[in-house]
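Subject: Structure for you to look at

Dear colleague,

I am passing on the structure we spoke about, together with the sequence. Please open it beside this message, since the notes below are meant to be read with the model in view.

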Amino acid sequence: MQQRIGVVGVGLMGGWLARHLLAAGFSVTAHDIDPAKVEAIVKAGGKKAGSPGQIAPQVDVIILSLPNSYIVNEVVHDSLKLFETGRKGQIVLDASTADPAMSVELAGKLRAKGIEMLDATISGTSEMAAVKDTIFMVGGNKETYEQCIPLFAAMGREWVYMGDNGKGAVIKLVVNLVLSLNRMGLAEGLTLAKKAGLDQLQTLEVLKKSAASSKVMDQKGYRMVNKQFLPPIGHLAVHYKDVRLMLALGASLDCPLPLLSLNAQALASEISKGRGEWDSSDIINFYNELANV
């Protein structure tokens, strides 16, 4: 029998996960603090639960697409009441950008209840999720991972098993670290180009054809050049939260992250100007104002 799925958090990313599962023929029950987002999934063929506490008894797998590990813990304990309503053999996929240590701790508590949790992190923007151009990077029990491969295949382009619980959360931070520095490098280069009298759009097109080309140029380059920071496909404040997780992980391992530390200061500067809800491509404004362009 095909697995029944609950998706908690059907916003920019979770909404597309739910839609892809529905398109693949899975039964999907959705929940979100925004009723309009749930209704959108219902219109696409999904179901809604009367309350979060009713979800666990109705599904086999629960996918969490939430802002951070603190909210994941709150939802698991207080909203879903998994330690009361969950059952042995149930699976939780945490698709959030998680704190690795908190993820490991929660997985251990759920395992004691007979519930397996995977940190099933995702690399890709919501726009990439819309066309299934994402990769799932997964930590946890390998047998559970293998059981969930049909779900990953329905929702994304690729999936990879990274190891024990927490490893999926760690690789997500590593991927986002490199992405963050790529964005900052692109912003710095475009700023220098403008200061030197080059056309930024033409510069971007040249960069895309050069050895410096990266997916960041497709995802954020045109937003930078066109100053298209709203509506966002990735909030600056959410990204800053991720960067602080990366720095905390580095500190716990005595691993120096000097470039990321500078990036964090640039992000903090933009957020202090009230731009936290802007797209993360706003990092170019940090340079625009430094260079007075």
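What follows is an account of the sheet, some helix contacts and two individual residues.

Please bear in mind throughout that this is a predicted model.

I begin with the sheet, which is open and is built from eight strands in the order S3-S2-S1-S4-S5-S6-S7-S8, with mixed pairing. Its edges are strand S3 (47-48) and strand S8 (158-163), each of which pairs on one side only. Within the sheet, strand S4 (residues 61-64) is joined to strand S5 (residues 91-94) by four bridges in the parallel sense, and Ile 63 is found opposite Leu 93 of S5. Helix H1, which covers residues 14-23, lies across strand S1 (4-8), strand S2 (27-31), S4, strand S6 (116-123) and strand S7 (135-139), and its direction makes an angle of about 165° with S1.

Turning to the helices, I looked at H3 (residues 69-79) and H5 (residues 100-112), whose axes come within 10 Å and cross at roughly 15°. Angles under 35 degrees count as roughly parallel, and H3 and H5 are therefore described as roughly parallel to each other. Their crossing is left-handed. On the H3 side the contact involves Ser 69, Tyr 70, Val 72, Asn 73, Val 76 and His 77, which meet Met 102, Leu 106 and Leu 110 of H5. Sorted by class, the contact of H3 with H5 contains six nonpolar and three polar residues, and no charged ones.

The second helix pair is H13 (residues 258-272) with H14 (residues 283-291), which pack at an angle of about 85° with their axes 9 Å apart. Because angles of 65 to 115 degrees count as roughly perpendicular, H13 is roughly perpendicular to H14. From H13 the contact draws on Asn 263, Ala 266, Leu 267, Ser 269 and Glu 270, and from H14 on Ile 283, Asn 285, Phe 286 and Glu 289. The residues in the contact of H13 with H14 comprise four nonpolar, three polar and two charged.

H14 has a run of buried residues, namely Ile 283, Ile 284, Asn 285, Phe 286, Tyr 287 and Asn 288. The cover over these buried residues includes H9, helix H10 (200-209), helix H11 (215-226) and H13. Just after H14, the backbone at Asn 292 adopts a positive phi of about 55°.

Two residues deserve a separate word. Glu 270, which is placed in helix H13, has a relative accessible area of 0% and so is buried. Leaving aside residues up to four places away in sequence, Glu 270 touches Leu 236, Arg 275, Asp 282, Asn 285, Phe 286 and Glu 289.

The other is Lys 167, which belongs to helix H9 (residues 167-195). Its relative accessibility is 42%, so Lys 167 counts as partly exposed. With residues up to four places away in sequence again left out, Lys 167 touches Asp 119 and Met 162. Lys 167 and Gly 140 are 27 residues apart in sequence, while their C-alpha atoms are 7.7 Å apart in space.

With best wishes

How values were computed
Residues numbered from 1 in each chain as written. Predicted model: local features only at pLDDT ≥ 70, side-chain atom pairs only at ≥ 80, totals over all residues. Heavy atoms only, no water. Helix = DSSP H or I, 4+ residues; strand = E, 2+ residues; numbered from the N terminus. Buried < 20%, exposed > 50% of the residue type's maximum accessible area, 1.4 Å probe, protein only. Contact = heavy atoms within 4.5 Å. Pairing = 2+ DSSP bridges. Axes fitted to C-alpha atoms, helices over the stretch in contact; angles between N-to-C directions. Parallel < 35°, antiparallel > 145°, perpendicular 65-115°, else oblique. Nonpolar A, V, L, I, M, F, W, Y, C, P; charged D, E, K, R; others polar. Left-handed = near helix turned anticlockwise from the far one by under 90°.
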